[in-house]
Amino acid sequence: MKTIRLKPGKEKSLLRHHPWVFDGAIAKGGADPGETVRVESHDGTFLAWGAYSPASRIRVRVWSFEQAQRIDAAFLRERLRQAIGLRDMWRLPSNGVRLVHGESDGLPGLVVDRYGDTLVAQFTSCGPERWKPVLADALLEITGLQRLYERSDASARAREGLPEVTGWLRGTGETALTIQEHGWRLGLDVASGHKTGYYLDQRDSRRDCADWVRRLGLGEVLNGFSYTGGFTVAALAGGARHVTSIDSSGPALEQARANVALNGFDLSRCTFLDADVNASLRRFQAEGRTFDAIVLDPPKLAPTVAHAERAARAYKDLNRLALQLLRPGGVLFTYSCSGGIGVELFQKIVAGAAFDAGVDAAIVQRQGGAADHPVALAFPEGEYLKGLVVVRRR
Ligand code: SAH
């Protein structure tokens, strides 16, 4: 077993069970990609077992903090069983469920989503990459399913020195699927969709959106960054008279249109715009258009804290425009999935946007990732998605 010795004082975060060891913390030691290493403090005290990533700044990701633990197939199977067992207990209102959420489920570098009878996995670091066949077999065994599609095309792979890999890992068949979420039917494609096919993390927010639209009788809805129309279907299900969906991806809008039809809603209640959201908001403003509800769910504008300042300006701009387009009494559903922007900063940004817009607005609900996207308390970096439901009062 190879050993990684840390520099003096660098054991602190591991003692609090944070699962990462950065390159700068290491005094000596190395191993092959994904190999299990023993991490010890400068005085030789055992700290953790982890997977080694020679090319990454995050040099070791911890599998276990218990010295007696063997990192083998049985260990990984047990971790998977725990993560999947929790989801079974939670009875989420969808058959699209994140079964494994990386570090927060004790399986750094592994994401597994289930869409009906199909599993989709992302192996984003060297540890899970090395154990791929074991993990794949265990996933089928535990879930009783036969199909597992690999979507190892996340940008994190490059930082690990790993190539992009996509395709069936176990089983085969159609990659276009339909799931049920809150009783709505949603088509997606696990081969070509974003992430593993769908934004499962926004499930609760979509339900909340439908509820607000219904309770407040919100008629005219704008869904900015609509992707395949999850919020569009939610707003229609809530009784919206008309929903305008904007996205810069043509295929996503095609799927959004199909999803509206799949739920039996009349397409005449919808407009789909293949356009830039910011430019569209400006155009609506110039045209004097207003809305009863606006959803803003942009892509990750600040992947890390280093990008936060520029991203903050972009978020503020979008939110200012949206607040100006809202009728008094209207509701803004605004999100940030940027890890580099914390919930406090996001609230500040939206407050600045309201001030610049010259509107009086108040937060009436806070949102976050759904339960199948947990944030381990020892791993605050796992928190990325935050949402604010804001009512414009004047
Ligand atoms: N709300 C969606 C997820 C949105 S993901 C859901 O519930 O499923 C962000 C989307 O923004 C992606 O579909 C991407 O194609 C789109 N996008 C990125 N930049 C854009 C821009 N400048 N204008 C419009 N859409 C954009």
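1. Start at the N-terminal strand. Lys2 stands opposite Val37 in E4. This pair belongs to a parallel match: strand E1, residues 2-6, runs alongside strand E4, residues 36-40, over four bridges. Note that the model is predicted.

2. Now take the other partner of E1. Strand E3 covers residues 26-28 and pairs with E1 in the antiparallel sense. Two bridges join E1 and E3. Leu6 stands opposite Ile26 in E3. E1 therefore has a parallel partner in E4 and an antiparallel partner in E3, since strands count as paired when DSSP finds at least two bridges between them. In general, side chains of a regular strand alternate between the two faces of the sheet.

3. Next, the domain layout. The chain is divided into three parts: domain 1 spans 2-64, domain 2 spans 73-175 and domain 3 spans 199-392. The centres of domain 1 and domain 2, taken over C-alpha atoms, are 24 Å apart. Domain 1 puts 18 residues in contact with 16 residues of domain 2.

4. On to the ligand. Its surroundings comprise 15 residues. Those that come nearest are Arg206, Asp247, Asp276, Val277 and Asp297. By class, the shell holds seven nonpolar residues, four polar ones and four charged ones.

5. Which atoms of the ligand and of Arg206 are 2.8 Å apart? They are an oxygen atom of the ligand and an N or O atom in the Arg206 side chain. Asp297 deals with a nitrogen atom instead: a polar atom of the Asp297 side chain lies 2.6 Å from a nitrogen atom of the ligand. Phe225 uses its backbone, where a polar atom is 3.4 Å from a nitrogen atom of the ligand. The Phe225 distance counts as a polar contact because the cut-off is 3.5 Å between N or O atoms.

6. Last, how much of the ligand's accessible area does the protein cover? On its own, the ligand has 580 Å² of accessible area, and the protein covers 88% of that.

Notes: Residues are numbered from 1 along each chain as its sequence is written. This is a predicted model: local features need pLDDT of at least 70, side-chain atom pairs count only at pLDDT 80 or more; totals for chains, interfaces and linings use all residues. Side-chain values use heavy atoms; hydrogens and water are left out. A residue is near a molecule or strand if one of its heavy atoms lies within 4 Å of it. A polar contact is a pair of N or O atoms within 3.5 Å; within protein, one must be able to donate a hydrogen and the other to accept it, and residues adjacent in sequence count only if both atoms are side-chain atoms. Accessible areas come from the Shrake-Rupley method with a 1.4 Å probe; for residues, only the protein chains shown count as cover. Ala, Val, Leu, Ile, Met, Phe, Trp, Tyr, Cys and Pro count as nonpolar, Asp, Glu, Lys and Arg as charged, and the others, Gly among them, as polar. Domain bounds come from an automatic or database domain assignment. Contact means heavy atoms within 4.5 Å.
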